[in-house]
Amino acid sequence: MSDVIATNQTILVVGGGISGVTAAIEAAECGKQVILIEKNPSLGGRVSQLYKYFPKLCFPSCGMEINLRRMKVNRNLNILTMTEVSAVSGESGNYRVTLKTRPRYVNENCTACGECEKAVEAEFDSEYDYGMKKRKGAYLPFNMSYPQRYVIDPNMIGTDDAQKAKDACKYDAIDLDMQESETTLTVGAIIWATGWQPYDADKIQPYGHDRFDNVVTSVEFERMLDPFGPTGGKIVRPSDGKEAKDVAFIQCAGSRDRNHLKHCSRICCMATLKQTTYLREKFEDDFKASVYYIDIRAIDRIDDFYQKIQADENVNFIKSKVASITEDKETRNPILHGVDTEGYHRYSNPHDLCVLAVGMEPSVPKDAFPIDVVINDSGFIEADEKNGGIFAAGCSSDALDVNRAVQSATASALRAIQVINRVAGTEG
Amino acid sequence: VSDEIKVGAYICKGCGLGERLDCGQLATIAEREGKAKLVREHEFLCNAEGVAMIQNDIDNEGVNKVMIAACSRRSKTEAFSFENVAISRANLREGVIWVRPDTDEAKETTQEMAADYVRMGCAEIKYMNVPHSSGEGTTGSNSLLVAGGGIVGMTAAIEAAAAGYPVTLVEKSGQLGGGAAFEYKRVPEHMPYAELEDNGVAEMVAKIEADSKITVHLNSTITRTSGAPGRFSADISTESGSTSTENFGAIIMASGARNYDANQLPELGYGKTPDVVDQAGLEKLAMEANGGPIKRPSDGKEVENVVFIQCAGQRSTKEGHLPYCSGHCCLTSIKQAMYFKDQNPKIDTNIIYSDLRTPGAGGEDFYRSGQQKGITFTKGSVSEVTVGANGPEVKFNDLILAQEVNEKADLVVLATGQIPNSGVDIDAPAPQAGAPEVTLESILNLDYRQGKDLPHLKNGFNDSHFICFPYETRRTGIYSAGPVRRPMDMAQAKEDATGAALKAIQALENAKLGRAAHPRSGDLSFPSFRKEGCTQCKRCTVECPFGAIDEDQAGYPQFNESRCRRCGTCMGACPVRVISFENYSVETIGQQLKAVDIPDEFSEKPRILVLACENDAYPALDMAAQNGNHYSQFARVVPVRCLGSINTIWITDALNSGYDGIILMGCQKGENYQCHFVKGSEIAHIRMSKVDDTLQSLSLEADRVATYEVAITDIKRAPQLINDMAETVERVGMSPFKF
């Protein structure tokens, strides 16, 4: 990390998901010096784990390819992965930031040839697949990982496997002695783009995500559609691997709920509508989707997507907050219990699979920010002059869909540039 | 001496290339056939030492063209980026050894594949030059033009000025503030999202007046815009008829939206009684009341109960209604219900909705605040508003209680939608004779050949078509923001204005350096044409997806480099092949496919040319390789900037020189197109439909040429398409045109 040069005219972007990547590129393409840091071994963030975007049903990797190409040719941009902020002090135009980098155990010599992966035996849960799949102890997080550089799982260090990986590498790219490193930089402005994590569905006890195999979260369901994912692109029941053609979607699972997240996570309605199209894609007319909802928030011009799904006879909408889920011991079917509030009918509906449209929770807990910023009750950073030269981008600022997150990130790039240009102006 | 071409060819032996291939033979080919002046093999070309070796040859051996035979151009891009030299990449790893089995049987054809890619790399580099900025934008303007002085335009101006850029704000009316100036209060923008805030207009106007970087033109419109990013010229005309002309680097279009005409909703009582108002009407009443009791218009009675009808004339497919949701109306109705509740909690306020849309943290908190203030929310479907003896009556089906309800109210508020002020729909078909004339005022009055305003996306909004690129404009350097782009609430509109300001600033900074904007960011190449060959057929000016090409008085194309996005659609369109880029031309591709070794008809070694979009199909093939998906040893893949850049001469030449099959792989076309150059894939499909004539004249089978839509995720399908073509060739036989 010694080659990183930063000044109070440098912008630090924290988080390499789509918001952070956007903020970093947009600022760099204005000619500003930018350091982009990401906690994980690869850029990409949550969107890289999605099969398709709503409402266009296009692929996130398409946009990522463009963004990667923009980054590869931009010399104003410095990218540090496996890196987090451990301390921040100072003020707008002059921050001291301490960065901590975990060892990847693989250096820039790596060509991503894959020999180390072939050499090792040890397997671990794949973070990329929410633990639904195993990966090797020497791994490339996913096809489009950037940097295209392997990672050695720290749990493998000290084992024979680690040595095997090292021995398999012809390029002297594996360094098992790599240590955690720390560096302190001066930057002028900070864009905070640490994004979101799916709300822990196990906490919604009545839905039994922790007890019933065939109750999965929306993000897990998304992974099923990836041809390289845990089910090879098939929509199946975790309990028995049989195709799941009768699927229930529970909206606001953990959102708009005082016991969990009190905010509306915005994306879940559209995500569910999108996921019903996956069923049609896989099973044509041979499927049934039941959406249990409070309000369908297909806001603004994308309401037409909702209208399109409403016209699909295989998709039913039930206005109801599901009270609980039980499991049919024999079939392992989840049975949803509740009251349909349109006419007050009680129901106990069995389905092959139940998908919980889980909410968005800010990745950084309220009390874990390294510097004082104004944070609202839901844990999102509020725009406030008190934040000085620190600006939230994307889902650090609110529950946002991709389009709005990118919009927010682009705006945050300008706010950071305002600080930098002010500094440049006064320093002449 | 400096003009002398000196090609350095570098052959990497890492990643198994050395083991799988005879790199010595490849070096010989580069030297003898590729005419490289300097050829080096290296065990591990992308490491520091390999890179330093190449740099040294550039610095000390006069190498000015570098051909790297190693991995895909998508890999190790940063290591292999040398300044001031042309670079081509022969993809031996993802393109050859990873897509072929490591068997003795496959060895010969794998080597032939690699040899061809080396030939192709050498052929390409010969015709590639280092692109230099045109210099067009070197005197680029730093100023921004903002069309529209509402909240969005004011925000864009304030934010851009705060970054140091001068702004000229043009507002049609006599005052700044737009619709927001007529709103009594605004939805809170800060926690706890419970109490209404001042509309904020006065504060913003004061800021603008105090900012020496912002110039305001009231009662003014933009009557002509010409030029390109960095050198736009705009006529700003006042109502009284005087015009001034100024230069700008970039433009933000913040022309906002107008209210839907509620007179189109007689079934909801509008126009039948003054006690049915739209949201703008209620703002007026609230302004008049100014914190006191709101009175109903008919007789001045203080309102004791008010019903809000959501989605009035919206989210509806009925003729004359708006098909979309206007995005802000749920929040606005809650705000307006609070006007009553805050003044007197005893007033009944009922919001009848189908889906209450208040997303996010602030939205949901605000909704909850409304509930706490005693606003009633009813999920219902309104059928009619009639005028009773004492005021309007709302008939609706209460969807929760499943019963018909007739509710009497002092006042009914219709949450009607918004219609974007997006100017002229340049893609609309020309009106037929006798049809009623629709006169829409243009916002920008662009003198572009392709029309006066930004293209519309849907329902008149000129949003970007892309999820991950909301500011991907089809007119470089011009960014729309706010409700003209997409329906949105005020808080989001301010965010949008700030984002658009950033993009505008970026566009003028790019123009100064001659750099392309997204998606080929930083590209310095630009199209030029050989005038003497041009037949003035206008295909390039018509087909440019970005309206970058005008015509001069003689009818020749006039390229505006800083509007250009470097897709090459013009190059693909040109029937006489006079358009080219310094590093991408009819020759750089044409010579590659001619360089491929075509074995004779009886060799059983066909050749399949694959022209693949560099953004989707090519990465899909790379990832196929990465995952060990093999494809035919007879394929030769050439990445192209966009399928739209494919000139049919390449197809004709390939068929004439004995290729047995040709595949074009582009992005999804049609309504949900994925092509970032808008119509490239579609245009290619149309052009290719005409290749049938060529095939016929050569007596070749039609299925030798295929055009596909391939997504970046088609990691298994893309190789399969190649294999399918190999099968087709096997079925129909080898081409007889081998020389």
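Visitor: Which residue forms a salt bridge with K458(B)?

Guide: Side chains of opposite charge can pair when their charged atoms come close. Here K458(B) pairs with D304(A), and their closest N and O atoms are 2.5 Å apart. A salt bridge is a side-chain nitrogen of Lys or Arg within 4 Å of a carboxyl oxygen of Asp or Glu. This pair crosses between chains: K458(B) sits in the loop between β22 (418–420) and β23 (478–480) of chain B, and D304(A) in helix α7 of chain A. Helices (H or I, at least four residues) and strands (E, at least two) are DSSP runs, numbered from the N terminus.

Visitor: What should I know about the model and its numbering?

Guide: The model is predicted, and local features need pLDDT of at least 70, side-chain atom pairs count only at pLDDT 80 or more, while totals for chains, interfaces and linings use all residues. Residues are numbered from 1 along each chain as its sequence is written, chains are lettered from A and ligands numbered from 1 in the order in which they are written, and side-chain values use heavy atoms, leaving out hydrogens and water.

Visitor: How many salt bridges does the rule find across the interface of chain A and chain B?

Guide: The rule finds 14 there, and a search of the whole structure gives 89 over all chains. Another salt bridge joins the side chains of E614(B) and R69(A), at 3.3 Å from N to O.

Visitor: How much area is buried between chain A and chain B?

Guide: The size of an interface is often given as the accessible area lost when the parts come together. In this structure about 7,800 Å² is buried between the two chains, with carbon and sulfur atoms giving 50%; the value is the accessible area (1.4 Å probe) that two parts lose on being put together, summed over both. K56(A), R301(A) and Q407(A) supply 11% of the area that chain A buries against chain B, more than any other three residues.

Visitor: How many residues of each chain are in contact?

Guide: For chain A the number is 87, in contact with 95 of chain B, where contact means heavy atoms within 4.5 Å.

Visitor: How do I read the packing of helix α8 and helix α9 of chain B?

Guide: Two packed helices are described by the angle between their axes and the distance between the axes. For α8 (residues 329–343) and α9 (residues 360–372) of chain B, the angle is about 35 degrees and the axes are 10 Å apart. Axes are lines fitted to C-alpha atoms, for helices over the stretch in contact, and angles run from 0 to 180 degrees between N-to-C directions. On α8(B), the contact is made by L331(B), I334(B), K335(B) and M338(B); the residues on α9(B) include F366(B) and Y367(B).

Visitor: Where are the cis peptide bonds at P55(A) and P519(B)?

Guide: One runs from F54(A) to P55(A), with omega near -10 degrees, and P55(A) is in the loop between β2 (33–37) and α2 of chain A. The other joins H518(B) and P519(B), with omega about 0 degrees; P519(B) is in the loop between α10 (490–513) and β24 (528–529) of chain B.
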